Amino acid sequence: MRTCALATLMILFASLVPVKAAAATKSHVIVFGKWTTVPWSSGLKESRPQTLKVRALVVDGRVREYILGAPHEMTDRLFVVRRAFRINDSLPDEATPRWLWQRGGWLLVDRMSGKISVINLPEFDAFYSAASWYRDYVAYCGVSDEGKKYAIVAQVSRRKPVVKKLLAGENMAEDAAPDSACDAPVWHRTPVQVSFQPSDGARQTYAVRGHIVDVVVDEEGDEEASK
């Protein structure tokens with residue numbers, strides 16, 4: 001009797017193992033919704049309203065986030081994309097929510113696990129900073145709480161920036177336009193370099209070689225900040 005019961009338990013256990021293995025390797029379906037144009041209040045006294053084009057990020061049939069812009073394929077498994085969200089702008093004495101669309105930071109999406117993670121980019125300003133991605137690096141002009149501008153190169157796997165250099169020129173004005181800290185930095189492949197061009201300062205170039213900071217010298221012999 002005991003032998004029969006033991007055999008039954010072994011058969012039951014064997015039948016459950018494939019089920020658990022199949023659950024562990026379950027694939028996730030990640031798709032994007034249709035583009036929608038929404039009003040965007042930048043907070044500036046602009047003469048005409050601005051708009052954003054957003055779409056849903058859907059995982060396994062459920063809307064997880066809203067995003068804007070094109071995703072950057074970091075690996076065959078991971079990609080990054082910029083987030084868009086709504087914030088309630090109603091005052092305490094207003095009973096009805098007043099929803100406003102805003103631009104957010106960057107998200108890391110894992111196709112295999114379906115996980116979505118927030119990428120914490122140092123000094124990245126959702127209003128003033130224009131980001132440029134290459135592999136798992138991102139370059140942008142960051143803005144400190146005091147309004148100072150920095151040339152920043154960050155890597156997804158590192159907490160601290162690979163490069164953080166103060167940019168010459170005036171601090172960001174409160175009425176400055178979106179993405180005006182500098183144009184989106186320009187990447188070059190061989191050798192790997194990225195160039196920053198602030199609107200009121202000299203161009204700076206960084207040569208990315210692992211985590212070593214190198215100096216790039218232009219043809220006239222002027223040193224440019226580099227990595």
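This passage walks through a four-stranded sheet in a predicted model and the side-chain contacts around it.

Start with the sheet itself. Its 4 strands line up in the order β8-β9-β10-β11, with antiparallel pairing, and the sheet is open. The edges belong to β8 (132-134) and β11 (163-166); each has a single partner strand, so one side of each goes without a neighbour in the sheet. On average, and ignoring direction, neighbouring strands here are turned by 20° against each other.

Going across the sheet, β8 pairs with β9 (residues 137-143) in the antiparallel sense over 3 bridges, and Ser132 sits opposite Ala139 in β9. Next comes the antiparallel pairing of β9 with β10, joined by 7 bridges. Here Val143 has Lys149 of β10 as its bridge partner. These two strands make a hairpin with 5 residues between them, and Gly147 in the turn takes a positive phi of about 90°. On the far side of β10, 4 bridges tie that strand to β11, again antiparallel, with Tyr150 opposite Leu166 in β11.

Strand β10 (residues 149-155) is well covered, as 7 of its 7 residues are buried. In a regular strand, side chains alternate between the two faces of the sheet. For β10, both faces are covered: Lys149, Ala151, Val153 and Gln155 are buried on one side, and Tyr150, Ile152 and Ala154 on the other.

Strand β9 also carries one half of a covalent link. The structure holds 1 disulfide, and it joins Cys141 to Cys182 with an S to S distance of 2.0 Å. The link is right-handed, with 105° about the S-S bond. Cys141 lies in β9 while Cys182 lies in the loop between β11 and β12, so the disulfide ties together parts that are 41 residues apart in sequence. Both ends are tucked away: Cys141 is buried at a relative accessible area of 1%, and Cys182 is buried at 2%.

Aromatic contacts come next. A pair of aromatic rings is described by the distance of the centres and the angle of the planes. The whole structure has 9 aromatic pairs. One of them is Trp40 with Phe127, a tilted pair at 6.1 Å centre to centre and 50° between the planes. This pair links distant parts of the chain, with Trp40 in β2 (residues 36-40) and Phe127 in the loop between β7 (116-119) and β8, 87 residues apart. Both Trp40 and Phe127 are buried. Another tilted pair brings together Tyr137 and Trp187, at 6.4 Å centre to centre with 40° between the planes. Here too the partners come from distant parts of the chain: Tyr137 is in β9 and Trp187 in β12 (residues 186-188), 50 residues apart. Tyr137 counts as buried because its relative accessibility is 8%, and Trp187 counts as buried at 15%. Back at the first pair, Trp40 and Phe127 join Tyr128 in one aromatic cluster.

Charged groups meet rings as well. The charged end of Arg55 sits over the ring of Phe32, 4.4 Å from its centre. In the sheet, the charged end of Lys164 sits over the ring of Tyr150, 4.9 Å from its centre.

Side chains of opposite charge can pair when their charged atoms come close. The count comes to 6 salt bridges. Lys164 turns up again here, meeting Glu123 at 3.2 Å, N to O. Glu123 lies in the loop between β7 and β8 and Lys164 in β11, so this salt bridge ties together parts that are 41 residues apart in sequence. Glu123 is partly exposed at 26% relative accessibility, and Lys164 is partly exposed at 39%.

Two further salt bridges involve arginines. Arg77 meets Asp110 at 2.7 Å, N to O. Arg77 is in the loop between β4 (62-73) and β5 (78-88) and Asp110 in β6 (residues 99-110), so that contact ties together parts that are 33 residues apart in sequence. Arg77 is partly exposed, with a relative accessible area of 33%, whereas Asp110 counts as buried at 12%. Arg98 and Asp89 meet at 2.4 Å, N to O; Arg98 is partly exposed at 44% relative accessibility, and Asp89 is partly exposed at 36%.

Note on methods:
Residues are numbered from 1 along each chain as its sequence is written. This is a predicted model: local features need pLDDT of at least 70, side-chain atom pairs count only at pLDDT 80 or more; totals for chains, interfaces and linings use all residues. Side-chain values use heavy atoms; hydrogens and water are left out. Two strands pair if DSSP finds at least two bridges between them. Axes are lines fitted to C-alpha atoms, for helices over the stretch in contact, and angles run from 0 to 180 degrees between N-to-C directions. Buried means under 20% relative accessible area, exposed over 50%, partly exposed in between (1.4 Å probe, protein chains only). Rings of Phe, Tyr and Trp (its six-membered ring) pair if their centres lie within 6.5 Å; planes under 30 degrees apart count as stacked, over 60 as edge-to-face and the rest as tilted. A charge sits over a ring if NZ of Lys or CZ of Arg is within 6 Å of the ring centre and within 35 degrees of the ring normal. A disulfide is a pair of cysteine sulfur atoms within 2.5 Å. A salt bridge is a side-chain nitrogen of Lys or Arg within 4 Å of a carboxyl oxygen of Asp or Glu.
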